[in-house]
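Here is a friendly walk through one protein model, written for reading beside the sequence and the 3D view. Please open both before you start.

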Amino acid sequence: MIRDPDLDYPPVVRWSSYLNVERGLRDGGLSCRGAGEQQGGHIPRPRMRCLSTHGLVFVSAGGGVYVDGGHPDGVAVQAPAVLWLFPGVVHGYSPGPDGWTEHWVLFEGTACRGFENLDAWSRQAPVARASVDAFDAIRPVFSRLRRVLAAPGRRAQAVAATAAGYLLGIAIDATAPSPRDAAASVVDTTLASASAPLSVAERARELGMSTEAFRTAVRDVTGLSPHELVIRTRLERAQQLLAKTTMDVSAVARQVGYDDPAYFSRLFRRRVGVSPRRFREQEAPRGASGG
C-alpha cells in the first residue's frame, strides 16, 4: 500500500523499494517491480488506485477490508490472508481498527498470463485465506529483498525476480482450497490405479460413482479431467523409471500402463518433448543404460 505523506494517516513502520527493470527482464517470464513491508493503524476509507502491474500482498497480522468494482461493499481481510492485485483494476484496501502488518511485492511478465490460465489466482476472489506456515517462509525472503534492493542494479533485478517467483509459489500453495475428503480420496484411488487399463467409465464404476460425478471430483481437486490425470501420472512415473532404473523402454511402457511401446514412445515425445531414450540419456546417472 502506498501512503501519501500529506494525508493524515496513522504512523506506519515500513520499508519499500521500486525497481527500474531493464527491458530484457521485463519482457521475460517474470520480473519484480517493487517490494516492501509495513505495519499501520486503522484507515477509515480505502484509497482507490490502479496498478500497471500485478501485485501480491501478504497480511500476516490484523485485519481490514479490500474493495474493487466487483466488490463495492468490500471483502473482509483477516490474517493470515493474501490479496491478489491485478493490472488495470481500480481497487483499494486498508487496515481495520486493530491495524495490520503487510508484506507486498509488485510483479509482471508473460508468466502471469500462464499462472492465471492455470487458475493459480482468481480475479473473482482477490482475497484468500492463507495457511499460517506460509508466513514463516516469506519473512526471510522479504528480509533478503530489503538488503538486496538497497543497492539497485542488475544483480538486484535478478535476485528480486527470483524472489518474486518464490513468493508467488508460496502464496499459490498457501491459498489452495482444501479439497473435500471424498474428492481427495477419489484422486488418491485414481493415482494408485493409473497404470491399470481402465476407461473413465470403468474407473467411476469401481468407485461406485457416476461418470459425471467422477469427472467433477477429479477436476475439483486437480483441475484436470480423469483421462488427463491418468496420462500425466503415467508419464511422470515413466520419467522416474527411465531416470532411476535400467529397464528397457518396452518394459517401462508396460509398467506404466502401455502395452504398445511404439505408441508410448510417440506419446512420450509429444508430451515431454524428447524420446524416452533421449530423456534417459539426459537424466540417468552416468553409466546407467537401458534399451
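## The second largest pocket

In this predicted model, the residues lining the second largest pocket divide into 8 nonpolar, 1 polar and 2 charged. The lining is made up of Leu198, Val200, Arg203, Pro226, His227, Val230, Ile231, Arg234, Tyr258, Tyr263 and Leu267. Helix H6 (200–206), helix H8 (226–244) and helix H10 (261–272) are the elements that give two or more residues to this lining.

Which element provides the largest share of the lining? That is H8, with 5 residues. The space in the second largest pocket comes to about 150 Å³.

## The largest nonpolar core

Now turn to the largest nonpolar core, which has 34 residues. Those that touch the most other members are Leu56, Phe58, Trp84, Trp121, Phe142, Leu145 and Leu167. Two or more residues each come from strand E2 (31–40), strand E4 (54–68), strand E6 (81–85), strand E7 (90–108), helix H3 (133–149) and helix H4 (154–174). H4 gives the most to this core, with 9 residues.

Trp121 is a good residue to click on. Leaving aside its neighbours within four places in sequence, Trp121 is in contact with His54, Trp84, Phe86, Phe107, Cys112, Phe115, Glu116 and Leu168. Apart from the largest core lies another core, of 16 residues, including Val252, Ala253, Leu267 and Val274. Leu267 also appears in the lining of the second largest pocket.

## A strand pair and its hairpin

E4, which gives residues to the largest core, pairs with E5 in the antiparallel sense over 5 bridges. A hairpin joins E4 to E5 through 2 residues. To find the pairing on screen, look for Gly64, which stands opposite Val77 in E5.

## Two backbone features to check

Most peptide bonds are trans, and most residues other than glycine have a negative phi. Two places in this model are worth a look with that in mind.

A cis peptide bond joins Ala79 and Pro80, with omega about 0 degrees. Pro80 lies in the loop between strand E5 (71–78) and E6.

The other place is Asp119, which is not a glycine yet has a positive phi of about 60 degrees. Asp119 sits in the loop between helix H2 (110–117) and strand E8 (127–129). Is Asp119 buried or exposed? Its relative accessible area is 65%, and the cut-off for exposed is over 50%, so Asp119 counts as exposed.

Notes
Residues are numbered from 1 along each chain as its sequence is written. This is a predicted model: local features need pLDDT of at least 70, side-chain atom pairs count only at pLDDT 80 or more; totals for chains, interfaces and linings use all residues. Side-chain values use heavy atoms; hydrogens and water are left out. On a 1 Å grid over the protein atoms alone, a cavity is a set of points where a 1.4 Å probe fits but cannot get out, and a pocket is an open set with protein on both sides within 12 Å along at least five of seven lines; lining residues have an atom within 4 Å of a point. Grid points are joined across faces, edges and corners, and a volume is the space filled by probe spheres set on the points. Helices (H or I, at least four residues) and strands (E, at least two) are DSSP runs, numbered from the N terminus. Ala, Val, Leu, Ile, Met, Phe, Trp, Tyr, Cys and Pro count as nonpolar, Asp, Glu, Lys and Arg as charged, and the others, Gly among them, as polar. A nonpolar core is a set of buried Ala, Val, Leu, Ile, Met, Phe, Trp, Tyr and Cys residues joined through side-chain atoms within 4.5 Å. Buried means under 20% relative accessible area, exposed over 50%, partly exposed in between (1.4 Å probe, protein chains only). Contact means heavy atoms within 4.5 Å. Two strands pair if DSSP finds at least two bridges between them.
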